[in-house]
Amino acid sequence: MQLPSAVLLAASALPLVAQVRYLPERKLWVLQTPHTSYILGVNEQNEIQNLYWGKKLPRDADLAPAHTARDYAFESPEGMTNEEYPGWGGMRYTEPCLKVTLSDGVRDLVLKYASHRTAGDMLEIRLKDIRYELYVTLRYELYPGSDVLRKQTVIENRTGASLVVESAQSGVWYVPSGGGYRLSYLTGRWGGETQLTREPVQPGRKVLESRRGNTSHQANPWFALDYQGAASEEHGKVWCGALGWSGNWKLTVEQTPNQQVRVTGGYNDFDFGYLLKPGEMLETPSFYGSFTDQGFGEASRILHAFEREHLLPDRRQPHPRPVLYNSWEATTFHVNEAGQKELAAKAARIGVELFVMDDGWFGKRNDDHAGLGDWYVNPQKFPNGLGDLIRYVNGLGMKFGLWVEPEMVNPDSDLYRQHPDWAIHFPGRPRTEGRHQLILNLARNDVKEHIFSVVDKLLTENHIEFLKWDMNRHFTEPGWPEVPAAEQKRIWVKYVTNVYEIIDRLRAGHPGLEIESCSGGGGRVDPEILRRVDQVWTSDNTEAFDRLRIQEGFGFAYTPKVMMDWVTDVPNMNGRSTTLKYRFLVAMMGSLGIGANLNHWSSEDFALAAKMVAYYKEIRHSVQEGRLYRLFSPREGELTANEYVSTDGKQAVLFAFLHSQQFLRPAPTIYLRGLEESGVYRLKALDDKLVDRVETVSGAYLMNHGLNLRLGGDYDSTSVLMERAE
Ligand code: GLA
């Protein structure tokens, strides 16, 4: 049986056997995670072939060397020989991993094995073109205790002349041969991110991508494949992958004429054309993959644990996400010292730990037409600077956080009047505004340094412990006129790596600083941004019922620990109203925040909020660090139910939401999961919704008899806490 990720974490403390092995007589590399094997070989033509990715194959003697397939006139060998990193050259018609134009016009690239080295959990295989000094290093990394494998590629130009990289992919994942796979992926829009979408993989190609300069709301770089739709939450083989890149990305899901399904991922090759000068290297994004035979639930839990243990900034010393208050929906741009203090005092009363002031505090920012770029404190709104407010917030026992959007500029700003050339543009062409703003060209070193120093100064002069880092529009007219035309397309890569660099330097210079990645909601969420931010803003849509779908999709790829949720006022943006309890319970399934206007709350609201925040603090280690079980999906019926089990198995918490009730039908029985059959659990219901008056019951009861809940009407909700008693 596959162990839950929590048990694996404990196992990771054990001394490790080498996970990467080379079998020289068969020219095979065996990469092994606790439950999976990934096998590569060199064939007679010196090509690297992917031979296997799936459940662990423990017996080396079973493994055969790689073989070249026969030549065909019209059906190329692709699909029978799964080339690990195909260049575009020779008889290859599927999505290539690398496509180049060399200085002499040659557009043929055939990569062959040159050398390799293994070091601990790393494998590097070096490839070279059959004629040109163009090298590609395939990097593989394994992580102790995790079933996740990372692929990344470095392309190196030693030809002595510039070349143009037209497509640079991080790699390709192959599943066992055959038609009939099902693809799961995440799509959406602003206000409706991360919607789980499913469809059969058909012959041809399906492209998931962003051409917008950041990760995007419209699609997220995660996929999962299962065979014939046979996998469920608990059972079945699932192969999944996620690409770490916060710029233009592309996943190509392809079924070849030989019925081989392959998923290629890396930089989006649309408008790519990256000029690689002699001696230069281009690194591709990290492409993560994992396999489980325990269904989609375990596939998600593997990713969640991996993100917490190996990506997030607090990976070495994990600590809980604080309960935060954010002023945006309460005040919008109308912030001032007195108003923020009033909200802070009320937030402190209900147990908030981090108070975040959102947009409107700087420059001439009274609405979204002006001010971006002028990162000085608005003297009318804050005559004493931010110092008084921050001291007040700290005095209430809360940390202080601030909203910034450093990558942007409003044409109506001092910065733009001084440096109109700093905005991304093509000379003499329109500059399309989004939310009345333009994007600063962070690919330029001077702009990058300016942005770094502005934010660094803010952090140095004020006791700010948290930044909400926003990006409120996508790219248009991506010109970079200061560099030669042939180099301008590098903007797509350089912009993003410079955003990463700025954040990395700010964090290094201000230890203890925490950051939330926001892009008008969940527009910048991917594994690479998670290496440098502590949480993400999931969606500007804070309406609790809509959130069930957004959060479900989010959880397929990302840990609830980073999923920020606010309790806000009703009727919400879509006009829907749910109770305050319902809104709290939805928001408590991730990192809890409150974004309501506390000045409008009644004393009953405050009392309920204080109770819910206290409840959240009791369960948050299970929600944030534990194992998530999706019991009922909001996509499938009238009930949504999720369960979180703490890593030590001592606590479990159930959240249940009825969408609407018709014909007085009772809600279905909920079977818990992931508990100890023989363990005894003490039940604490949040309210009176438990049908059976049980107080202590066994894990076997909870998982086999299940719980019946008295839920009725529209948008009813409840939660049950289960603590291990014996
Ligand atoms: C974006 C964010 C919001 C808020 C506003 C402020 O839309 O997603 O949460 O910060 O900007 O302008």
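What follows covers the ligand site and one sheet of a predicted model. Residue numbers count from 1 along each chain as its sequence is written, and side-chain values rest on heavy atoms, with hydrogens and water left out. Since the model is predicted, local features need pLDDT of at least 70 and side-chain atom pairs count only at pLDDT 80 or more, while totals for chains, interfaces and linings use all residues.

Start with the ligand. It has 13 residues around it (a heavy atom within 4 Å), and Asp-358, Asp-359, Arg-435, Lys-468 and Asp-540 come nearest. By type, the shell splits into six charged residues (Asp, Glu, Lys, Arg), four nonpolar (Ala, Val, Leu, Ile, Met, Phe, Trp, Tyr, Cys, Pro) and three polar (the others, Gly among them). Polar contacts here are pairs of N or O atoms within 3.5 Å. The side chain of Asp-358 puts an N or O atom 2.6 Å from a ligand oxygen. For Gly-521, a polar backbone atom sits 3.2 Å from an oxygen of the ligand, and for Trp-537 a polar side-chain atom does so at 3.4 Å. Taken alone, the ligand has 310 Å² of accessible area (Shrake-Rupley, 1.4 Å probe), and the protein covers 96% of that.

Now the sheet. Six strands (DSSP E runs of at least two residues) form an open sheet in the order S31-S32-S33-S36-S34-S35, paired antiparallel (pairing takes at least two DSSP bridges). Strands S31 (627-632) and S35 (696-698) are the edges, each pairing on one side only. From one strand to the next, the twist averages 25° (between N-to-C axes fitted to C-alpha atoms, on a scale from 0 to 180 degrees). S34 (residues 680-685) runs antiparallel to S35 and is joined to it by three bridges; there, Arg-682 stands opposite Thr-696 of S35.

Conventions:
A polar contact is a pair of N or O atoms within 3.5 Å; within protein, one must be able to donate a hydrogen and the other to accept it, and residues adjacent in sequence count only if both atoms are side-chain atoms. Helices (H or I, at least four residues) and strands (E, at least two) are DSSP runs, numbered from the N terminus.
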